[in-house]
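The following exchange is intended for a reader new to this structure. Please look at the sequence and the model before reading on.

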Amino acid sequence: MKKRGKLKSVVNAIIFFFLLSIICFLVVQLVPGDPVRARLGEAAAVMSKDELNQLRDSYGLNDPIIIQYVKWLGSIFQGDFGKSLISGQPVVLEIGRTIGTTLSLALGAIIVMAVVSIPLGIVCAKCKDGLLDKIVNGFCMFFTAMPNFWLGLILIQLFAVNLKVLPAIGSTSTLRGMLLPCFTLGVTFTPQYIKLLRQNIIETLKKDFVRAARARGISEIRIFFFHILRDAFTPVLTLFGISLGELLGGATITEQIYTMKGLGMLSLDAIKHADIYMIQAYLLLVGICIFISNALVDAGCRVLNPAIDIKGAEKK
Amino acid sequence: MKKLARKDRIYIIVFISYLLLLIFGKYFTPYDPNQADMTKMFASFSANHLLGTDNLGRDVFSRIIAGGHTSVFTSLMVILISLVTGVALGLISGYFGGAIDWIIMRMVDTCMVFPATIIAIIVSGILGGGTWNVIISIVCVKWFQYCRVSRSIIVAEKEKEYVMSAKLDGMKSHSIMFKHLLPFVTSNVMTLAVVDIGRVVLTVASLSYLGFGIQLPNAEWGLMLNEGKQFFSTHPIIMIVPGVTIFMSVMIFNFFGSRIQQMVDVENKKED
Amino acid sequence: MSLLEIKDWEISYKGNPLVRGINISLERGHCTAIIGESGSGKSITASAIGRILPNGLSITKGSILFDGKNLADISEKEMREIRGKKISYIFQDYQGAFTPFIKVGKQFHETINSHEKMDKDKQKKLILSKIESVGLDAERVYNSYPFQMSGGQLQRCAIAQAMILEPDLLIADEPTTALDSVSTINVLQLMKKIKEESNCTILFISHDLRTVKKYADELVIMYKGRVVERGTTEEIVAHPKHIYTKNLFASIPPLRNVPERLPLLNIPENVDLTEV
C-alpha cells in the first residue's frame, strides 16, 4: 500500500515537472519583441531581413513550437539553459553564483520569523485579551500595513547612515551584513503566523483531550509542548508552505533594497531586459523550489500528526 | 443595514469617506501634480506647499493626493475584476461540478503553485508598465483566491433544500445561480475583498517601486518612493512622506476592513 | 472513615454561584451515583474534586477531605500527583480521552511516567495486562491510534488507562451517555468488576436513573445546583422523599402496564432546594 502511494507521488512529480516546463517555455514566448533583435541590439538595424532570418534559423527560432519545446527540454536535461542575453554568460553559471545569497537570505528570514512569531504566538494565547495580547495585536497591524521596501529604506537610514552600526549593503558573508536584510524580509510575515498560532492554541486548549491529559496528572509543561503545541502547529506548517513562495518574491525586493547580488536581483534585471533564457530558468527554478518545499511541508505535517496517512487510508 | 450600532456606522462612514477622498481628491489638488518647476526644488514645508516639493519642483502634497487616486483606483479595479472573474468561475465550477469543475480547479491549483509576487512582477514586466497592465498582472494572481472561496461556498450551499426545491420547480440553472446563489456568495466574498484592499494597495506600490508598475509622469506612492530613493541621504523627506502615506492608508483600510468583516460575521451568526 | 467528604461546597463562575450547599460522602469500595438532569451541576461538582474546573470557575466555599487530606489546601504540584494515581477520571466523550495523534500505548506510558519510575519493559507488561483485563486485544490496541477504535472499545480503554495505577477513587462523568446500549452494558459490568476486584471507590455521574440504580450503592440527587436528596439506593428507590426524586422515578417508563402517556416532570418553580 505504501509502495502505491510512493509511485503516485513520483508520477505526480513527473506530471508537475512537465506542466511546469511547458508553462515556463510558453511564458517566455509571450514576451513581445524579437529575441534576435534584442540580442544584437543596434547591429540588427544594419542587417537585412534575410540575414536576420538566417540568424533566427540558426537559433532554431523558426521551427514549429513543439520542436522548439522538445529541443529546449532536451538541452535542459543536459544542463544547458542557454546563455544570458545580458551578460553572455551561461545561465547556469549566473544562477549558481547568486542562488547562495538568496537561499541564505531566505533562511535568515525564516529564522527571524520563527524566533519572533512562535514565542509571541504562545504568549498571546496564554494571556488572551490581556494587555500583552493587545500590544502584540497592535504590532501585528503595524507590520501588516508596512511596505517592506519602505521599512528596509528606513532601517538603512537609521542603522547605517545615522547610527552607523550596520552596513547599508547586505552581505551574506557576515552576520552584521545579514541582520537588516533578513529582519526586513522576515518581519513582514510574522503577523499572520502570530495570529494563526494564537488562534490555534486557544482552540486546542478547549479540546477534550487536554482536559483528559490534565486528569491523568501529566505536567502542564508537558501537555503544552507535546500535546497542545503539536496539535496547533499543523496549520502553521501548512501556512509556511504557502509562505515560502511569497518569501522568494519578497527576497526579490529585499535584495534590490540592500543591493545584494542574489537570484531576485538577477531576475529583475532579466525581466527588465527581456532576457528570456534567464527568465525561463528562473521560473523553472522557482517552480521546483516550491515543489520541494511543499513536499517537505507535507512530510513535516506527517511527523506532527502521524495519523494523517492512516486516517486517509482507512477512509477508503 | 440601518440597524447598526453607532460605532459600526462610524467605521463604515470613515472607511468610505477615506476611499472617496482618495478617488476624487485628485480633481481638487492645489497644484498640477505633474508640473515641474526647477526653481523650487526640494522646498521644505510651507503654507504654499504643505509637504514641500520634490526633486523636480513638483508639489509633493498634490502628488500624494494624485498618487492616492491612482493607488485606490487601481486597487479597486483589481478587486472588482478579480471578484467578477473569480466568483463567476467559482459559481460555475461549484454548481456544475464534473469535468468543468475539474478543469477550472486544475487551473487554479497550477496558478496557486507560483508565488503571487513573482508572477505579478513577471506579467507586468512582459506587458510593460502602465496602469492597466498593472491591473491585469495583479488580477492574474488574485482571481483564483476568490474562485476557490466561492466554489467551496457553492459546493456547500447547493446541497441545501432551497436549491433542491428550486430545481424541482423546474427553474433553469442560470436562474438558480443568479437569483439564489450569487447574492449569497457575493455577500460572503465581499468581506474578503474589503480586507484585501489594503493588501492590493501594497502590491501596486511594490510593483511601482520596482519600476514595473505605474510609470512616470503619473503619480503613485510606490513610484514616488522609487524616485526619492536616490535623494534619501540629502533629502529624506521625499521618501518619508510617500512611505508614511502608504503605511497610514493601508492601516486605515486594514483596520476598518477587519472591523467591517467582524460586523458582517456577527450579523451572519445572528441570522443562524 | 469515608474516602471522600465534601461539606457545604459552593462553586461559582465569576461571582455567581452555580452549585451550592453540596454535601457528599463517599464510602470506600462503594459505587455512589450522582443523578441529575443537564444543568444540575453534577459535572461541575465532579470536575471540582480533581481541581480540573474550566477557566473562570472556582470553589468559593466549603471543604473537601480526601483520605484525610484537605484537597483545597494542597499545592498544584501535589494535586497533580494525586490526579491519575489516587483519583482518576473517565469522561463522556471517549474520543477526547486520548490525544488523537499519539499512539494509545505511548499515552499509557506517559501516564505512568508522570507518577512513577518504572522500568520500560515492566511498564509495557502492566499496560498490556490492563488492556486485556478490560476485554480488548492488547497488542492491537497498544499500537493503535485513538480513531482506529470504536466508541465502546475506546471507553473501555479509557477505563484501563484510569485504573493503570490502581487509584482509590474513579470518577466517571457520564461514561455511557454517548454509547449504544450494548457497549453501555459492557462498560457498566466492567466497572462493577473493577469495584469488586480492586475495592476501588466509584463516583458515577449520570442522568439515567434507570440504568444506574442497578449498579450504585448510594445515590445523590442533584437539581438546579443543589443536592436535594441522598442515601442508599434501596432507601431512595423504596421511599423517595423530595418532589424532584419522586418525579424522576415516576418518569421511568415501566415495561408492564405502559400508560397512554408518559408523565411529565411536575416541579413548581419555587421548589424548596434544601436537602431532605
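The questions below concern chain B, its contacts, and a sheet in chain C.

This is a predicted model, in which local features need pLDDT of at least 70, side-chain atom pairs count only at pLDDT 80 or more, and totals for chains, interfaces and linings use all residues. Residues are numbered from 1 along each chain as its sequence is written, while chains are lettered from A and ligands numbered from 1 in the order in which they are written.

Reader: How many helices and strands are there in chain B?

Author: Helices (H or I, at least four residues) and strands (E, at least two) are DSSP runs, numbered from the N terminus. From the N terminus on, the elements of chain B run α-α-α-α-α-α-α-α-α. The count for chain B is therefore nine helices and zero strands.

Reader: What percentage of the residues in chain B is buried?

Author: A residue is buried if 20 or more other C-beta atoms, placed from the backbone, lie within 10 Å of its own. Chain B has 272 residues, and the buried share of them is 43%.

Reader: Which element gives the most to the side of chain B that touches chain A?

Author: Two residues are in contact if their C-beta atoms, placed from the backbone, lie within 7 Å. By this criterion, 30 residues of chain B are in contact with 28 residues of chain A. At least two residues of that side of chain B come from each of α3 (98–113), α4 (116–127), α7 (173–210) and α9 (237–271). With eight residues, the element that gives the most is α9(B).

Reader: How far apart are the nearest C-alpha atoms of chain B and chain C?

Author: Two pairs of chains are in contact, and chains A and B share the most contacts. Chain B and chain C do not touch, and the distance between their nearest C-alpha atoms is 24 Å.

Reader: Which strands stand at the edges of the open sheet in chain C?

Author: Two strands pair if DSSP finds at least two bridges between them. The open sheet has six strands with mixed pairing, in the order β6-β7-β8-β3-β9-β10 (chain C). Two of these strands each have a single partner strand, so one side of each is left without a neighbour in the sheet. The edge strands of chain C are β6 (87–90) and β10 (226–232).

Reader: Which residue is the bridge partner of I87(C) in β7(C)?

Author: β6(C) pairs with strand β7 (residues 169–173) of chain C in the parallel sense, over four bridges. In β7(C), the residue that partners I87(C) is L169(C).

Terms used: A residue is buried if 20 or more other C-beta atoms lie within 10 Å of its own, exposed if 12 or fewer, and partly exposed in between; C-beta atoms are placed from the backbone.
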